[in-house]
Structure formats: C-alpha cells, structure tokens
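Subject: Handing over the structure

Dear colleague,

I am passing on the structure we talked about, so that you can look at it alongside these notes. Please open it first and keep it in view while you read.

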Amino acid sequence: MAKEAAVPSTGQSSSQNQAKADLAHIGNLAVKCPKCREMLLGRDWEKNLKVCPRCSYHFKLDAFERIELITDPDSFTEIDKGIISVDPLNFSSRSQVYATKLEEERKSVNLNEAVVSGHATIEGMALALAIMDFRFIGGSMGSATGEKITRAIELGIEKHIPVLIASASGGARMQEGLYSLMQMAKTSAALAKLGEAGLPFFSLLTDPTTGGVTASFAMLGDVTLAEPGALVCFAGPRVIEGFMHVKLPEGAVTSEFVLQHGMIDAVVHRRDLRQTLTRLLRFYSKADTSSLEPVEANASHIQATSSS
Amino acid sequence: MAYDLDFEKPLAELEKKIIGLQRKGDRLKPEEHIQLQEAERDLRHRTEEIYSKLTSWQTVQVARHKDRPYAIDYIELMCEDFFELHGDRAFGDDRAIVAGIAELDGCTVMLVCHQKGRDAKENRLRNLGMPHPEGYRKAGRVMQQAEKFHFPVICLIDTPAAFPGLEDEERGQAEAIANNLYLMSRLRVPIVAVVTGEGGSGGALGISVADRILMLEYSVYSVAPPEAAATILWRDTAFAPQAAEAMRISARELKAIDLVDELIPEPLGGAHHNYQQAADNLKVGVLRQLADLKKLPINELLEQRYQKFRNIGKFGYVPVLQEQEIEI
C-alpha cells in the first residue's frame, strides 16, 4: 500500500542500509527477507502483516499501516497534521542543508513529520496515539515531532483516555541542535502529568528505537511492549562497538535483550499486537477508585466528589 | 596558567615574554619595566578580544580544557560544608556523578554533579565524567530525598555524554535517564542547573531538567557531542568543528536563542585562569536564581517548570486539506 520506492537520503544514516534492505522488494511482487534471505510473495507477505513467515522477521511498518493494524476501522482521527518542522538554526553545513532536506522528505515520504498523531478506538475503547514513522529523516525527533507527541499526550489528559506511543526512531534530530534534545524533557514532562492524572501510558518499541527517544518517552511506559527483533538501545551498535572496540554478540540490544534485562514488559508478535493492546486497555480501565475518598471528608464532600 | 589552545598562540607568545621579563625580578631595567607593563596590558586586551568572539568549536576547547575547574573544585570554593552521598542502593556507586548535601550560604542544598578526572588515574575512577545508569539512579535517589526534606537541588553539568557501553545498555542507560526527566519535571523543590563545561546530550539532560538553566560563559550544551554529530551527519568525526558551528552549541549562541536563562561570566581567559573568581561568579548566579524561585508557591513553580519545557521548540503550520492528502 505504501509508496516505498524512493528511499529518502537522510542524515540519520545509522539504520538507513537496513531501511533500504527492508524496502528491497520489486513492486511488491516479491520481497526478500533481509534476515533469512527467503524470497516472499508480495501478496502473502502483506497478508502476513509484513512479517517473514519463515524467520518471523518484522519488516518496518509506516505510521498508517500501524494505525490500520491496531485500531478499529475508520476510528482514527488525525490531529495536528499541519504541524511541520522549520529550520530554527539555519542549519547548513557541508552538503547538509536542513531546510532543503525537509522539503525533499515531505515530498518523497508524503508526510509532514516523523510522527502521526490523533485519537482512535481499539475494540471500542478510546485512546490517544502518536505513531512514529521511520521513513521521515529516520524517525528522528525534532521540535515538531516532540510537539506532536506532547499534544497527543495532552489530548489523553484532556479527554481522560490512555495514551499509546509507537516509537521508530534513530534518536534526536541533529539539525535542530539543543531544541531537539529538549523535546526529551518536554515529552517526559507531559507523561509525568499524564501519570498524575492517573492515566496509563503504553509504549510500543518498534525497529529501531534508539537514542533520545529511548532515553525519554519510549522507556516510560506503564506497560512497555516491543516487536520481536527490534533494535532497542540508547547508544546504538555502531557507537558501542566504536567506543568499546568490541564486537557486539548476536542479539545484543534487541527487544529480547532488553526484555531479558528487565527493561520492558513483553515482546509481542505483530499478529498479537491488537489483542494485547485490547487486553491492556481493558485492565487499566477498571481501576477501583472507591478507596481514594478522603477518610476525614464529611458527607457533603463525599457526595460532591463522587458525583463529579 | 598557560595559554595552550590552538587559537591562543598569540597569547602564549605574550605570556612567554611576560614570564621572561618577570624572571629578571629586581634586575629589571626601567625600560624593561615599561615593556612588562605594556606586555601585560597587551595580553589582557588580546585575550579580551579573542575571547569576545570565540567560535563554537573554540568554546568547546575551552569547555574541555584539562585545567578547567570541575564540580569538586566548585563545591570546595562555594560551600561551607559538603557531605557526599554514595550509591544507587541497587547496583553500585558511580563516581562520574558526585551527589550530596551541602551548606551554601547558610542553607542546606542537594548537589548533583558530573565529575571528570584530572589525570589518567582519576579518569579511570570517574570514567571521564561519563555516567553509567547507576549514576543517574543515584542522582534520582538523592533528588527524591531533597524533595522529602525540602532542600533545593543544584546540578552542575559537565559531561561529554552518558557512557555508551554494552553493560550500560544491559543496566538500562536509557531508562535511567528517562526516569530522571520524568522525576525532575515534577520534583517539588526548586532546581537550578548550571552547565560548567560540556553539556553532552542525554547524559547532561539526565540531571538538568531544572527551573533555571544557567551556563558558564565558555561552556557548551549540545544534542550530541560534536564528534558524534559529525559521525551521524557525515560519518566522520573529523568534521566535529563544522558540526559544532552548525548546531550552535556555545553558551552565547544558546543564550541568544533563549534556550538558557543566564550566562555566568568567567574570568579573563576562562574559568581555569582563576578558580576562585569562577566559583564566586557561579555562587552569585545560583543564589540569585534560588532566591527568586523560593518566592514562588510550589504549585506555581511546577507549572512554570512545565511550561518552560513545554514551550521549547520551533515549528510551523501548513494548511491541511481534509481527506485529500491521505492517499498512502
């Protein structure tokens, strides 16, 4: 369904080769699994939710594919679609002109930003969501990305509904300098407010979840899930190997690795994702608040609070 | 202290001349005495001139200067008393973060600081000032304690980055930092953060979600260390100077775009030329900010802190045609 022919040339290049591999299919007729090299029929592959039937490799989904996968049909309403990145630093250095790159990305990916946000229902239960899209400058987080995610969280607070964020990101966006870094604080602060309002936050880590995104909202889930085999890390394999002069063992810094080390709650196969989210939404909608009434409150106060 | 950075060569020559003349002591001829005075005046003027227009990359070099005062130096020069608190109570004690209770101008405050090492041996102990997850968790632990006892929190920031090792991934570097962002955004005491040297990436942000962010005049704060940014953008650390310029990471540039609240002036030629004066300036800045913050009722303080970070970011709008662009 997605127009994936043109791979954006990006500055956040760490996972770009991977992205190219993911997209190495010929007009959707046939797809080659980058992990087990199996040739897959395009139609079967899409029917299998873009998961390799042989080795379970989870190909990347774009934001709209992911929304279609997990939400009730036609229930998604997009918000803040018109928010776009600007070039606050006039970033222009050595072949990298940020303003031009933004133009190109918007055209080639047909997205305004690296995240799509809004509200929807899952089995009739409402939630606010922000779904990242790796195609747009490697899913990197700039001001507009952070703003849209923060607004999705605030929508959750305003409408008193849970929030889901699906991460897919190479980390902070270098071209916006410190503005990008501060989006980590901004989104985390919004999540702290959500938490104070007693609303749950579900974090879904997809391939890849790295850098400043991991070190902020992605790791703050009340429940944190990950798709199998996703790269999940702070520093990234290239940085770790370069810095430590070691070769990382097979399977390091993946979903399974962070599960084993106690950083997330579950690794969930894509076919089970919708059902898992349904169960979680159900659990967390049944909070018993009856014991929260102030003990010393008088009768009229109890009435006032319980009717509100 | 010597002028030893690349761009300080003219200063180093003047300094050499001055030292040469000073060595003569009493044997100084009257005309040499005048030469000495002129050279000293010249050095001061040239230093002022060069330092008034440092580039971002030059500022990085000053911020990383091997003699630059570190947290423990500032603590000794600023505080009447200090008792260090160790350990995260879960895994270990990270010496790249120094935390503890201090007496500052008669009041108890909680200090949370990065600490670099001065020599190879100390740098092993301090891990080059690059914290592990247990460092951020120690920081989180003592900040919660500060909340309990109503101690203001003061953070001194000076780290290249959080440490990027495999063990750090295993112990949850990302989670440890994220948790501090969450915690600090709602911590019910005033928080003042001061970047004293390098503010490197998430490693710096992990202890600097504060009501006020101050920077020493020749410090830097960036989304990633210039070398890492150059690697991400151009796959080559050799372009670190270009990355530093393009990302505008010097204190002055960041103040110009209002991402920091206040610049703290440094002694002529940088903080390493006069520790005491640097510490005095730092103390004055911190105390003034704390005095302001203490006037606010706590809920207002928290709301202002929220809005401070909430409003950071520049973005635009484009008109959206309903239903038209959603062909995917």
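A good place to start is where strand β5 (residues 83-85) of chain A pairs with β9(B), since the two run in the antiparallel sense and are joined over three bridges. In this pairing, Ile84(A) stands opposite Gly316(B) in β9(B). Please keep in mind throughout that this is a predicted model.

The two chains touch through 61 residues from chain A and 51 residues from chain B. On the side of chain B that touches chain A, several elements give two or more residues, among them α7 (166-170), α10 (226-234), α14 and β9 (315-317) of chain B, while α8(B) gives the most, with nine residues. Sorted by kind, the residues on this side of chain B divide into 31 nonpolar, 10 polar and 10 charged.

Helix α14 (residues 298-310) of chain B deserves a careful look, and its length can be checked by a short calculation: at 1.5 Å a residue its 13 residues should span 18 Å, and because its end C-alpha atoms are 18 Å apart, the two values agree. Within α14(B), the residues Leu302(B), Arg305(B), Lys308(B), Phe309(B) and Arg310(B) are buried. The buried residues of this helix pack against α5 (143-159) and α6 of chain A, and also against α8 (173-186) of chain B.

Turning to chain A, which strands does β11(A) pair with? On one side of the question, strand β10 (residues 163-169) of chain A runs parallel to β11(A) and is joined to it by six bridges, with Leu204(A) as the bridge partner of Ala166(A). Between these two strands the chain passes through α6(A), and this β-α-β crossover is right-handed. Strand β12 (residues 223-226) of chain A also runs parallel to β11(A), joined by four bridges, and here Leu205(A) stands opposite Ala226(A). Strand β11 (residues 201-209) of chain A is mostly covered, with nine of its nine residues buried.

Finally, the largest nonpolar core has 159 residues, and those with the most contacts inside it are Val163(A), Val112(B), Val153(B), Cys155(B) and Val194(B). Helix α6 (residues 177-196) of chain A supplies the largest share of this core, 11 residues. A second, separate core of six residues includes Val31(A), Cys33(A), Leu40(A) and Val51(A). If neighbours within four places in sequence are left aside, the contacts of Val194(B) include Leu156(B), Leu214(B), Ile264(B) and Val286(B).

With best wishes

Definitions and conventions
Residues numbered from 1 in each chain as written. Chains lettered and ligands numbered in written order. Predicted model: local features only at pLDDT ≥ 70, side-chain atom pairs only at ≥ 80, totals over all residues. Core = buried A, V, L, I, M, F, W, Y, C linked by C-beta atoms within 7 Å. Buried ≥ 20, exposed ≤ 12 C-beta atoms within 10 Å, placed from the backbone. Contact = placed C-beta atoms within 7 Å. Pairing = 2+ DSSP bridges. Right-handed = clockwise from strand over helix to strand, strands pointing away. Expected span 1.5 Å × (residues − 1). Nonpolar A, V, L, I, M, F, W, Y, C, P; charged D, E, K, R; others polar.
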